[in-house]
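Reader: I have a new chain open on my screen and would enjoy walking through it with you. Could we take it one question at a time?

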Amino acid sequence: MSQNNLVYSTDGGRIAPKKSQPSSVKTDGIIRIRRETKGRKGKGVTTLSGMDMDATQIKALCSELKKMCGTGGAVKDAVIEIQGDNRDKIKLALEKRGHTVKLAGG
């Protein structure tokens with residue numbers, strides 16, 4: 001429930017609730033690729049973070065990477081998760097597109 005409990009005012013009629021703008025995370029423009037297994041019952045997942053794109057561009061990039069790797073994946077909180085250890089394939093594909101990429105973690 002919103003914090004603004006005022007529904008009607010005699011001064012201006014109906015009061016429209018204030019719309020909150022989604023906060024975009026500012027990044028340094030470097031896409032970091034890492035392999036994670038935590039919280040996935042030992043299954044390895046390649047994660048990509050630090051993308052300076054909007055949500056629709058991130059989803060489109062995710063679907064292209066999934067097709068290229070032949071695996072499944074998802075987008076969660078502006079982080080792309082691709083199933084399996086596909087760090088090298090993804091790094092080459094993103095460098096061909098002109099992105100700055102770093103392999104992070106072990």
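Author: Gladly! One cut-off will help us later: a residue counts as buried under 20% relative accessible area, as exposed over 50%, and as partly exposed in between. Please keep in mind that this is a predicted model.

Reader: Thanks. How does confidence vary, and which element has the highest mean?

Author: The protein chain averages a pLDDT of 83, and 75% of the residues score at least 70. Confidence is lowest in strand 1 (residues 8-9), at a mean of 57. At the other end of the range, with a mean of 94, is helix 2 (residues 87-96).

Reader: In what order do the elements run from the N terminus on?

Author: There are two helices and seven strands in the protein chain. Read from the N terminus on, they follow the order β-β-β-β-α-β-β-α-β.

Reader: Which strands stand at the edges of the sheet?

Author: Five strands make up an open sheet with mixed pairing, in the order 5-6-4-3-7. An edge strand has a single partner strand, so one side of it is left without a neighbour in the sheet. From one strand to the next, the twist averages 20°. The strands at the edges are strand 5 (73-76) and strand 7.

Reader: Let's look at strand 3. Which residue in strand 7 is the bridge partner of isoleucine 33?

Author: Strand 3 (residues 30-36) has pairings with two strands we can compare. With strand 4 (residues 45-49) it pairs in the antiparallel sense over five bridges, and there isoleucine 33 stands opposite leucine 48. With strand 7 (residues 100-103) strand 3 runs parallel, joined by four bridges. In strand 7, the bridge partner of isoleucine 33 is leucine 103.

Reader: And which residue in strand 4 does glutamate 36 stand opposite?

Author: This pair belongs to the antiparallel pairing of strand 3 and strand 4. Opposite glutamate 36 in strand 4 stands valine 45.

Reader: On to the helices. Is helix 1 parallel, antiparallel, perpendicular or oblique to helix 2?

Author: Two packed helices are described by the angle between their axes and the distance between the axes. Here helix 1 and helix 2 pack with their axes 11 Å apart, at an angle of about 125°. Angles over 145 degrees count as roughly antiparallel and those from 65 to 115 as roughly perpendicular, so helix 1 is, relative to helix 2, oblique.

Reader: Is the crossing left-handed or right-handed, and which residues in helix 2 take part in the contact?

Author: The crossing of helix 1 and helix 2 is right-handed. On the helix 1 side, the residues that meet helix 2 are Leu61, Leu65, Met68 and Cys69. Their counterparts in helix 2 are Lys89, Ile90, Ala93 and Leu94.

Reader: How do the helices lie on the sheet, and what angle does helix 2 make with strand 3?

Author: Helix 1 lies across strand 4, strand 5 and strand 6 (79-83), and its direction is at about 15° to strand 6. Helix 2 packs on the sheet too, touching strand 3, strand 4, strand 6 and strand 7. The direction of helix 2 makes an angle with that of strand 3 of about 170°.

Reader: What is the phi of aspartate 77 in the hairpin turn?

Author: Strand 5 and strand 6 are antiparallel and joined by four bridges, with lysine 76 opposite valine 79. The hairpin they form has two residues between the strands. Alanine 78, in the loop between strand 5 and strand 6, has a positive phi of about 60° although it is not a glycine. For aspartate 77, phi is also positive, at about 55°.

Reader: Is aspartate 77 buried or exposed?

Author: Exposed residues have a relative accessible area over 50%. Alanine 78, at 44%, counts as partly exposed. Aspartate 77 has a relative accessible area of 77%, so this residue is exposed.

Reader: Last one: how far apart in space are alanine 55 and aspartate 77, C-alpha to C-alpha?

Author: Two pairs link this part of the chain with the hairpin loop. Aspartate 54, in the loop between strand 4 and helix 1, has its C-alpha atom 8.5 Å from that of alanine 78, which is 24 residues away along the chain. Alanine 55 lies in helix 1 and is exposed, with a relative accessible area of 54%. Alanine 55 and aspartate 77 are 22 residues apart in sequence, and C-alpha to C-alpha their separation is 9.3 Å.

Technical notes. Residues numbered from 1 in each chain as written. Predicted model: local features only at pLDDT ≥ 70, side-chain atom pairs only at ≥ 80, totals over all residues. Heavy atoms only, no water. Pairing = 2+ DSSP bridges. pLDDT = per-residue confidence, 0-100. Axes fitted to C-alpha atoms, helices over the stretch in contact; angles between N-to-C directions. Parallel < 35°, antiparallel > 145°, perpendicular 65-115°, else oblique. Left-handed = near helix turned anticlockwise from the far one by under 90°. Contact = heavy atoms within 4.5 Å. Buried < 20%, exposed > 50% of the residue type's maximum accessible area, 1.4 Å probe, protein only.
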